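Me: Could you take a close look at the salt bridges in this structure for me? I'd like to know which residues pair up and how well covered they are.

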Amino acid sequence: MFDSLTLTRLPAEAEALRAPVRAFLAEAVRGMPPEQRARSWSGFDAEFSRALGARGWIGLTLPTAYGGGGRDLFARFVLVEELLRAGAPVAAHWIADRQSAPHILKFGTPAQAAFYLPRICRGEAFFCIGMSEPGSGSDLASVRTRARRTATGWQLEGQKIWTTNAHRSQYMIALVRSSGDAGDRQKGLSQVIVDLSLPGITIRPIADLAGDSHFCEVFFDGVQLAEDALIGAEGDGWNQVTSELAYERSGPERIYSSVVLLDEWLAHLRTQREPSEASLALAGRVLATMTVLRSLSVSVNARLTEGASPVVEAALVKDMGTTLEQFIPAAIADALGDDPDAPLPEGLARTLRYVASVAPSFSLRGGTREVLRGMIARGLGLR
Ligand SMILES: Cc1cc2nc3c(=O)[nH]c(=O)nc-3n(C[C@H](O)[C@H](O)[C@H](O)COP(=O)(O)OP(=O)(O)OC[C@H]3O[C@@H](n4cnc5c(N)ncnc54)[C@H](O)[C@@H]3O)c2cc1C
């Protein structure tokens, strides 16, 4: 089935974006410590997002009529690759840019597109993903949060969890049960856009191991939504959410979560008169693997550009990408441990400490390793 992926090069027009973005970012992240840059797509900075929006670099693939750039996914790949390489704090607009805006364009009404997309492009409307619930993570089809029809729209009851940046976003696209019960699984699910400032919504941030509070519990208690909160067709939520996940799982962020650490370590190696053979071999191994994964990610982008929904291929990129992202901090720690008396730059030590502490989450967020491998096995006809 993977013969649908063909080796694809980034077109020259897309590559042309690299130099201006790189020049902008060199200024924007100047003086930012590496452990802060290592947070990158977990680093929230609304002002940075608005500056990016002012340059037309949010919503790059959206139609110009909605304030977007009218470019293709390859141009976005170059932009995103540069943002992550620099360790820019992109979290504020990340989810809206990556998946909520294309989702609204694909499934929303023209009125919804006209309302949300221009503000997303300006870096003024931030979105979060309301999929997971207590007891419904991997088993997403068992969601219990319920949207009941009322005379004027919908009433929302239930709870979401692990919702990245719910406490700093204006909107959530939530997967909810609009008919039947949890036993009906994929049937009876819908998606609604929730204005997070509405009465009846309580948002509680959760601290992670590194002390950051980026994800949240979100409670809905009799929240009144208007009729036009529904996105797409009622009852089609499962199909819609599945297509959203192809955007979520295939991008360069599933390869580059440890790239700032890698760069810091390579910079440290360059200061040594004679880096160890083992360190050089490790650097070669990591860069070779990263090059192959990058090609795979570009090829999945090509499928998305053709209008396909390559969910299994995207699962493959994410599984292999997060495996590399987790290997990098462990292998660098081992390599540095081979020479425990050598002086270690403070920035490298702090970055390693941060990345090592959050690395376990790389293969949880966006769908766990085991679940992705199950999907790949199904794609190969093995299940
Ligand atoms: C940093 C971070 C950010 C997140 N952001 C968001 C967000 O913005 N929005 C959102 O909706 N969710 C978010 N999540 C939640 C994430 O999608 C879930 O944690 C994930 O899907 C796993 O669900 P769970 O936590 O309920 O674990 P469970 O589903 O209970 O899984 C526990 C373990 O059992 C394994 N397992 C489960 N089912 C199977 C199976 N059938 N076969 C084999 N093994 C299995 C899993 O692989 C895992 O190792 C985030 C998570 C993290 C860590």
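Reply: Arg 98 has a relative accessible area of 4%, so Arg 98 is buried. In this predicted model, the side chain of Arg 98 meets that of Glu 253 in a salt bridge, at 2.7 Å from N to O. Arg 98 belongs to helix 6 (residues 91-107) and Glu 253 to the loop between helix 8 (237-250) and helix 9, so the pair ties together parts that are 155 residues apart in sequence. Glu 253 is buried as well, because its relative accessibility is 2% and the cut-off for buried is under 20%.

Happily, there is plenty to set beside this pair: a search of the whole structure finds 22 salt bridges. One of them joins Glu 264 and Arg 37, with the closest N and O atoms 3.3 Å apart. Here helix 9 (residues 259-270) supplies Glu 264 and helix 3 supplies Arg 37, 227 residues away. Arg 37 counts as buried at 15% relative accessibility, while Glu 264, at 22%, counts as partly exposed.

Helix 3 (residues 34-37) also holds Glu 35, whose partner Arg 350 sits in helix 12 (residues 346-358), 315 residues apart. The side chains of Glu 35 and Arg 350 meet at 2.7 Å, N to O. Glu 35 is buried, with 16% relative accessibility, whereas Arg 350 is partly exposed at 32%.

Finally, you may like to look at a salt-bridge network that links Glu 15, Arg 18, Arg 22, Glu 81, Glu 82, Arg 85 and Arg 294.

Key:
Residues numbered from 1 in each chain as written. Predicted model: local features only at pLDDT ≥ 70, side-chain atom pairs only at ≥ 80, totals over all residues. Heavy atoms only, no water. Salt bridge = Lys/Arg side-chain N within 4 Å of Asp/Glu carboxyl O. Helix = DSSP H or I, 4+ residues; strand = E, 2+ residues; numbered from the N terminus. Buried < 20%, exposed > 50% of the residue type's maximum accessible area, 1.4 Å probe, protein only.
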